[in-house]
Every structure is written in C-alpha cells, then in structure tokens.
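Reader: I'd like a close look at one part of this model, please. Could you walk me through a single helix pair?

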Amino acid sequence: MTEKALRLGTRRSKLAMAQSGLVADAVSQVTGRPVELVPVTTYGDISREHLAQIGGTGVFVAALREALQRGEVDFAVHSLKDLPTTQPEALVLAAVPEREDPRDVLVARDALKFTDLPRGARIGTGSPRRMAQLNAYARAHGLDIETVPIRGNVDTRIGFVKNGELDAVVLAAAGLNRVGRSDEVTDFLSVDTILPAPGQGALAVECTADNADLAAELAELDDPHTRAAVTAERSLLAALEAGCSAPVGALADLLGDGQIVKEMRLRGVVGRPDGSALVQLSTTGPVPQTHEQAMALGRELATEMLAQGAAGLMGERAQ
C-alpha cells in the first residue's frame with residue numbers, strides 16, 4: 001500500500017506554485033511520501049485594490065491558515081514576507097528553508113540600469129518601501145523619477161514595461177529566479193541602495209502545532225542562519241508596530257572572516273514614500289543562538305529607529 005500523499009496548501013499564483021513545488025520535492029525526499037499541491041485562493045489574490053489599502057498584513061495568508069486549521073491541507077508554504085509578525089498558537093512555523101537572493105531587481109526597457117533611466121522615468125511598484133527608497137536615492141543622486149503604484153503578478157508587471165506604459169518595474173530577485181525569469185532582470189539593486197522587505201527571498205513552511213510528527217519532519221528543511229536572520233528582521237518590523245505593507249526595509253546578514261561567521265548585522269530603514277525623509281540605521285552583534293536573541297537584535301534596532309523619528313514616517317501605525 002502506498003503512503004497517503006501529504007497535502008501542501010499554496011496560493012494559486014504561478015510564483016506561489018513554483019516555490020511550493022520546490023518545497024514539495026524537498027518534503028517528499030525527507031518524508032518518503034508523495035506531496036500534492038492544493039491551490040487555495042486568498043483575499044489578496046482576488047482583491048484588485050492596492051495592497052497598502054487592503055491592509056497588506058496577512059491578506060495572502062489567512063485563507064491558507066484557515067485551510068490548515070480545518071484539516072483541508074497538512075501544511076502550507078508562504079512567502080515569509082507576507083506573514084504577519086504574530087504567530088497564531090494553533091500553528092507552528094516548522095521550517096524556514098535556505099533563503100534565495102533577498103535583493104530587489106529592476107526590469108527596464110532597453111536593458112537600462114537604474115542610474116541610466118531617462119529623466120522623468122516612470123517606475124512601477126506596489127510597495128511603499130520600494131517607493132521610499134527609490135525616491136530617496138533619486139533625490140540624493142540628482143535622478144528624476146516618478147514611482148507609479150501597480151500590482152499584479154510577474155507577467156502583468158513586466159507587461160507594463162513591454163507595452164511601453166512604464167520605463168521599468170521593481171520586483172524581487174527571488175521570485176524571478178523561482179519562475180525561471182531572472183534573464184529579464186536589467187539591474188540588480190544593491191541592498192545599499194534598497195533594503196528588501198523583512199523576510200524577502202525566504203519561505204515559511206507552516207503546519208498545525210498538534211501535528212508534532214510532521215513538524216519534526218518539516219524541521220529538517222530549516223536553515224538556522226536564515227531563520228535567525230528573518231527572525232531579527234521580523235522582530236524589527238513588529239517592534240516598529242508596522243504591517244507588511246509599511247515602508248519598512250530590513251536585512252540581517254552574517255559577517256564572517258573566511259569560513260568563520262562571527263557576527264550578524266541588522267540594517268533597517270523607514271521612509272516616506274516620496275523619499276523626502278528616511279531613517280536608516282544598523283546594529284551588529286553576535287550571531288543569535290536562540291529565537292529570543294534574534295528577537296532582541298530586532299527590538300534593539302527598532303528602539304534606536306523610533307528614537308530617530310521612524311514612527312512619524314510610517315503614516316498610520318498598524319493597529
């Protein structure tokens with residue numbers, strides 16, 4: 001008798017299906033069981049409103065979590081940056097696999113790089129975080145750009161450039177890599193120019209807390225360095241009391257000397273979408289060995305950022 005397939009809950013988008021497929025293969029190898037994808041439609045997928053208006057936090061996650069709690073799927077895969085920072089008690093974040101490239105990228109007409117865009121170039125992004133940093137960089141370097149709010153899947157967004165509506169769009173490198181379209185990138189935006197969203201490029205594998213056997217098997221996919229980094233980034237976001245549609249960028253990276261990792265650096269940024277004001281700070285400490293240490297690193301940096309006026313740049317504080 002063949003073992004019953006594990007049911008993996010995933011959003012329906014091409015990107016979500018691609019990244020869930022990667023996790024399905026890994027889980028199959030670890031458990032020796034077949035894994036079937038169960039597509040779930042989320043509110044964020046059907047709403048045509050801009051993410052900043054529908055609240056951002058959790059709009060892509062709630063339906064998957066409900067399917068988990070109703071027992072319709074055994075585990076779910078999310079883009080970690082979509083997860084609200086508070087974890088429901090009934091669910092456990094069983095694994096954070098090794099992170100993909102966390103950077104943002106530009107897909108521009110005529111293979112242009114960001115600094116080569118013509119004056120008045122229209123750049124599409126649905127993210128206040130990207131707008132704030134693009135506009136701040138442009139102000140600081142004498143570039144003349146206009147950021148245009150857009151949403152939609154990868155095809156839709158790149159389509160705005162192909163049909164001439166926009167000069168460029170900004171997307172996540174990880175997403176394009178996972179759907180096999182990284183050859184369309186015209187510029188990789190350095191994290192010194194644009195800090196990514198907290199958790200960008202990382203996936204979250206979630207199951208119910210009472211399914212201890214499955215949680216233990218899924219835990220084999222966990223990458224401790226990625227988990228420590230994203231925990232610190234999300235702790236910063238939570239301590240700023242900001243939702244995942246707020247203009248907050250964060251990246252924790254490991255600083256090493258050859259093969260020996262010595263420290264973790266956490267960088268954070270908050271800005272007005274027009275780029276007129278930005279608070280950007282960093283802190284460095286020992287690589288966190290526990291969840292609590294990673295959380296403390298994020299809280300510490302958030303406290304410093306709030307002292308520099310970060311709260312006033314985020315618009316409405318998330319309730």
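Which residues in α9 meet which residues in α10?

Author: Sure, but a quick word on the ground rules. This is a predicted model, where local features need pLDDT of at least 70, side-chain atom pairs count only at pLDDT 80 or more, and totals for chains, interfaces and linings use all residues. Residues are numbered from 1 along each chain as its sequence is written, and side-chain values use heavy atoms, with hydrogens and water left out.

Now the pair itself. Helix α9 covers residues 224-239 and helix α10 covers residues 291-307; helices here are DSSP runs (H or I, at least four residues), numbered from the N terminus. From α9 you get Ala228, Thr231, Ala232, Ser235, Leu236 and Ala239. On the α10 side, they meet His291, Ala294, Met295, Leu297, Gly298, Arg299, Leu301, Ala302, Met305 and Leu306. Contact here means heavy atoms within 4.5 Å. Sorted by class, that makes eleven nonpolar, four polar and one charged residues. Ala, Val, Leu, Ile, Met, Phe, Trp, Tyr, Cys and Pro count as nonpolar, Asp, Glu, Lys and Arg as charged, and the others, Gly among them, as polar.

As for geometry, the two helices pack at an angle of about 40°, and their axes are 7 Å apart. The axes are lines fitted to C-alpha atoms over the stretch in contact, with angles from 0 to 180 degrees between N-to-C directions. So α9 is oblique to α10; angles under 35 degrees would count as roughly parallel, over 145 as roughly antiparallel, 65 to 115 as roughly perpendicular, and the rest as oblique. The crossing of α9 and α10 is right-handed, meaning the near helix is turned clockwise from the far one by less than a right angle.
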